[in-house]
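Work through the following exercises with the sequence and the structure open beside you. Each task is followed by a solution that goes step by step.

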Amino acid sequence: MANTQAFCSQAKVDMMNGLHAMGTSVVRATTAADAFKAALYVDTATRGPADTTYSPTGEVSGTNYLAGGVAVTTASAPALDVTTAHFTPSASIVFTNVTLATAFDAVVIYNDTSSTKLALSVHTFGPQTVTAGDFTLTMPVDNGTTGLIRIA
Amino acid sequence: MTELIRTTKGDIDASLLEKRVDSFENENEITKCTEYRFLGEDEIVRRDVHVELKKNVFSEPVLAE
């Protein structure tokens with residue numbers, strides 16, 4: 001039996017749960033999961049991997065859209081699928097009865113519990129507008145192959 | 001029973017509206033758009049969009065050799 005070099009699989013889930021801090025971390029007030037929000041961005045915005053925190057720059061505006069976006073439902077904790085950690089919001093993200101006349105093509109998910117509103121991920125889609133309607137983002141199946149956020 | 005559709009002109013009887021559904025799929029998403037117009041008119045009085053994300057974000061740690 002030989003040893004195997006590895007990034008321990010459970011550590012990937014533990015990182016998603018904030019259990020490893022190789023650098024300066026934060027004092028957490030509770031062991032509860034953080035709250036996350038989703039904000040929409042116009043198609044001329046430049047959101048991407050360099051984002052560190054939520055930014056209002058390029059965020060959509062319109063009837064019934066509140067700056068900062070809507071809450072993300074995170075009832076399902078990060079999990080491990082063989083060696084891939086994965087996390088997916090447990091419900092669709094819905095912006096209800098909005099009018100967004102300027103085309104938008106991205107949603108940024110960010111940590112609403114953190115004091116600086118740390119950015120988590122950016123997801124893009126084809127440019128859309130909404131008129132007195134609903135914009136619904138349905139999540140993929142939460143597993144190691146299709147989960148919305150994965151560490152392999 | 002009358003079905004009312006919420007629009008930019010208020011709640012309108014569905015029988016007065018034309019409904020158009022468009023959908024497309026690519027490697028990134030499955031999207032369905034539903035538009036309502038008054039019969040015989042061009043102005044969109046309601047547009048809903050439903051996007052199903054297919055492409056996730058992914059990170060792969062690399063170990064030092």
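A residue is called buried when its relative accessible area is under 20%, exposed when that area is over 50%, and partly exposed in between. Please keep in mind throughout that this is a predicted model.

**Exercise 1.** Describe the interface of chain A and chain B, beginning with its extent and then turning to the residues that chain A supplies.

*Solution.* Begin with the contacts: 31 residues of chain A are in contact with 26 residues of chain B. The size of an interface is often given as the accessible area lost when the parts come together. For chain A and chain B this area is about 2400 Å², and 53% of it lies on carbon and sulfur atoms. On the side of chain A, the residues that lose the most area to chain B are Gln128(A), Thr131(A) and Arg150(A), which together account for 21% of what that side buries.

Next, consider the polar part of the interface, where 14 residue pairs in polar contact are found across chain A and chain B, both residues of each pair being at pLDDT 80 or more. Two strands of chain A, β6 (119-138) and β7 (149-151), each supply at least two residues of the side that touches chain B. The largest share of that side, 17 residues, comes from β6(A). Sorted by class, the side of chain A that touches chain B has 14 nonpolar, 15 polar and two charged residues.

**Exercise 2.** Which strand of chain B pairs with β7(A), and in which sense, parallel or antiparallel?

*Solution.* The partner of β7(A) is strand β6 of chain B, residues 57-59, and the two pair in the parallel sense over three bridges. To locate this pairing in the model, look for Arg150(A), which stands opposite Phe58(B) in β6(B). Arg150(A) has already appeared in the first exercise, as one of the residues of chain A that lose the most area to chain B.

**Exercise 3.** Which side chain meets that of Arg6(B) in a salt bridge, and why does the pair join two chains?

*Solution.* First count the salt bridges across the interface of chain A and chain B, of which the rule finds two. In one salt bridge the side chains of Arg6(B) and Asp134(A) meet, at 3.1 Å from N to O. The pair joins two chains because Arg6(B) lies in strand β1 (residues 4-7) of chain B, whereas Asp134(A) lies in strand β6 of chain A. With a relative accessibility of 25%, Arg6(B) counts as partly exposed. Finally, widen the view: Asp134(A), Arg6(B), Arg46(B) and Asp48(B) are linked in a network of salt bridges.

**Exercise 4.** Compare the salt bridge of Glu35(B) and Arg47(B) with that of Lys117(A) and Asp112(A): are the residues buried or partly exposed?

*Solution.* In the pair within chain B, the closest N and O atoms of Glu35(B) and Arg47(B) are 2.8 Å apart. Glu35(B) lies in strand β4 (residues 29-38) and Arg47(B) in strand β5 (residues 44-53), so the pair ties together parts of chain B that are 12 residues apart in sequence. Glu35(B) is buried, with a relative accessible area of 15%, and Arg47(B) counts as buried at 12%.

In chain A, the side chains of Lys117(A) and Asp112(A) meet at 3.0 Å, N to O. Here Lys117(A) is partly exposed at 27% relative accessibility, and Asp112(A) is partly exposed with a relative accessible area of 27%.

How values were computed: Residues are numbered from 1 along each chain as its sequence is written. Chains are lettered from A and ligands numbered from 1 in the order in which they are written. This is a predicted model: local features need pLDDT of at least 70, side-chain atom pairs count only at pLDDT 80 or more; totals for chains, interfaces and linings use all residues. Side-chain values use heavy atoms; hydrogens and water are left out. Contact means heavy atoms within 4.5 Å. Buried area is the accessible area (1.4 Å probe) that two parts lose on being put together, summed over both. A salt bridge is a side-chain nitrogen of Lys or Arg within 4 Å of a carboxyl oxygen of Asp or Glu. A polar contact is a pair of N or O atoms within 3.5 Å; within protein, one must be able to donate a hydrogen and the other to accept it, and residues adjacent in sequence count only if both atoms are side-chain atoms. Helices (H or I, at least four residues) and strands (E, at least two) are DSSP runs, numbered from the N terminus. Ala, Val, Leu, Ile, Met, Phe, Trp, Tyr, Cys and Pro count as nonpolar, Asp, Glu, Lys and Arg as charged, and the others, Gly among them, as polar. Two strands pair if DSSP finds at least two bridges between them. Buried means under 20% relative accessible area, exposed over 50%, partly exposed in between (1.4 Å probe, protein chains only).
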